[in-house]
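Please examine the sequence and the three-dimensional structure shown here before reading the report.

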Amino acid sequence: MPITFDDADEALRHIRLTGRLDMTGIDAISETFTELSVATHRQVIVDLSGVNFLVSFGIRELITNAKLIQQRGGRMIIFVGDNKAVLKTLETTGVDTLIPTFVNAAQADRAALE
Amino acid sequence: MQTLFPIRMVELEVPAQLSVLRQVSAWLKLHATEWRVSETLIAHIDLCLNEVVANCVAHGGPAVTDRPLTLQLSMASSHDQTLVTLSIADSGRAFDPTSVAPKARAVSLSDATPGGLGLVMMRDSASRLAYRHSSSRNHIDILFQFDHARSSSTARLALRDVSAERRLKNLSWVPLFKDAPLLALEAVLQTCELLEVPANMPLLIPGQSNRNVYIALSGTVVAHLGYLAVCMRR
């Protein structure tokens, strides 16, 4: 599955996206991604460490869902791990300044629970 | 000595539909891998390919489907640089991506508006974008230029070619160095590379920037200036 999730507790949800997030890949996960993002959990960590290709429509999905979470009083955090290509894309587009982005999983968890 | 490539080119026509994106990415990867383009550079080209095709299909209007998209991938190398060009032609609404000002960065998530980031990503990935509109078609050329690393085998070649090295040490015959202090020249020459260029190998190709001075120690150099070819022998 290119999208999976697990709930750490009632407040925190991890959503993991994997594979190729081109238009076809985004179409496949878009609806589920939004449903998982706006569920009852207030904090959502989106794990992009397993994404090997990311186009601008994928960035658009991240921003749109981060805004939806924010409107519900929550916050999206991005975890990239050692995925330098995705980190570079987030930095180039300035998304890392809008959505807190971490390379360390423990730091991402701490930031989500602050 | 590093592997040198002649000019290569492939072309593909596909319907102007989003469903072709994976097909065109596979086409790109097949040829670029065969041409030994690095995976990193292929990812950059693939990103631009996806962004341009998705953008023209989504925003090109009804006319975009009148004719197929034409994709052209070409590569040319000199001994120290490679230039890969991806050209895409479509029949959609005229749109010049080079005339669009960079999107201002949002200062907060609340202010952020999705969209407009594809061009930001393309400008970051490519060396240069060029656009023209002709015959009711948008033509976008996306250029990727990169320098080759100097290989240790080149250094070994320089050591073997003793006669050329001797000529290099005595450059009094080069007009450019007339009256230059020999000690200063020797210091500069310590950093120079001695190249053995195969027959018909371009030193410079159209569109390529150059930061080198080449001095022909032996052989023939031909400069093509439009229709005029100037031949120099040493």
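The following report describes the contact between the chains, the nonpolar core, a sheet with its helices, the domains and a hairpin turn.

This is a predicted model, in which local features need pLDDT of at least 70 and side-chain atom pairs count only at pLDDT 80 or more, while totals for chains, interfaces and linings use all residues. Residues are numbered from 1 along each chain as its sequence is written, and chains are lettered from A and ligands numbered from 1 in the order in which they are written.

**Contact between the chains**

Chain A and chain B each contribute 21 residues to their contact; two residues are in contact if their C-beta atoms, placed from the backbone, lie within 7 Å. On the side of chain A that touches chain B, at least two residues come from each of helix 1 (23-37), helix 2 (56-71) and helix 3 (84-93) of chain A. Helices (H or I, at least four residues) and strands (E, at least two) are DSSP runs, numbered from the N terminus. With nine residues, helix 2 of chain A gives the most to this side. By type, this side of chain A comprises 10 nonpolar, eight polar and three charged residues. Here Ala, Val, Leu, Ile, Met, Phe, Trp, Tyr, Cys and Pro count as nonpolar, Asp, Glu, Lys and Arg as charged, and the others, Gly among them, as polar.

**The nonpolar core**

A nonpolar core is a set of buried Ala, Val, Leu, Ile, Met, Phe, Trp, Tyr and Cys residues joined through C-beta atoms within 7 Å. A residue is buried if 20 or more other C-beta atoms lie within 10 Å of its own, exposed if 12 or fewer, and partly exposed in between, with C-beta atoms placed from the backbone. The largest such core holds 64 residues, and Val46(A), Ile78(A) and Cys48(B) have the most contacts inside it. Helix 2 (residues 39-59) of chain B provides the largest share of this core, eight residues. Leaving aside residues up to four places away in sequence, Val46(A) touches Ile15(A), Leu17(A), Leu62(A), Met76(A) and Ile78(A).

**The sheet of chain B**

Five strands of chain B form an open sheet in the order 1-2-3-5-4, with antiparallel pairing; two strands pair if DSSP finds at least two bridges between them. Strand 1 (8-14) and strand 4 (128-134) of chain B each have a single partner strand, so one side of each is left without a neighbour in the sheet. Two helices of chain B lie across strands of chain B, at angles that run from 0 to 180 degrees between N-to-C directions of axes, which are lines fitted to C-alpha atoms, for helices over the stretch in contact.

| Helix of chain B | Lies across | Angle |
|---|---|---|
| Helix 1 (residues 21-34) | strand 1 and strand 2 (69-77) | about 165 degrees to strand 1 |
| Helix 2 | strand 2, strand 3 (81-90) and strand 5 | about 15 degrees to strand 3 |

**Domains of chain B**

The domain assignment, which is automatic or from a database, gives domain 1 (8-147) and domain 2 (152-233) in chain B. Their contact takes eight residues from domain 1 and 10 residues from domain 2 of chain B.

**The hairpin**

Seven bridges join strand 4 to the antiparallel strand 5 (residues 137-147) of chain B. Within this pair, Arg132(B) has His139(B) as its bridge partner, and Tyr131(B) stands opposite Ile140(B). Two residues lie between these strands of the hairpin. Most residues other than glycine have a negative phi. Ser135(B), however, has a positive phi of about 50 degrees, and phi of Ser136(B) is near 60 degrees. Ser135(B) counts as exposed because it has 8 C-beta neighbours inside 10 Å, and Ser136(B) counts as exposed with 11.
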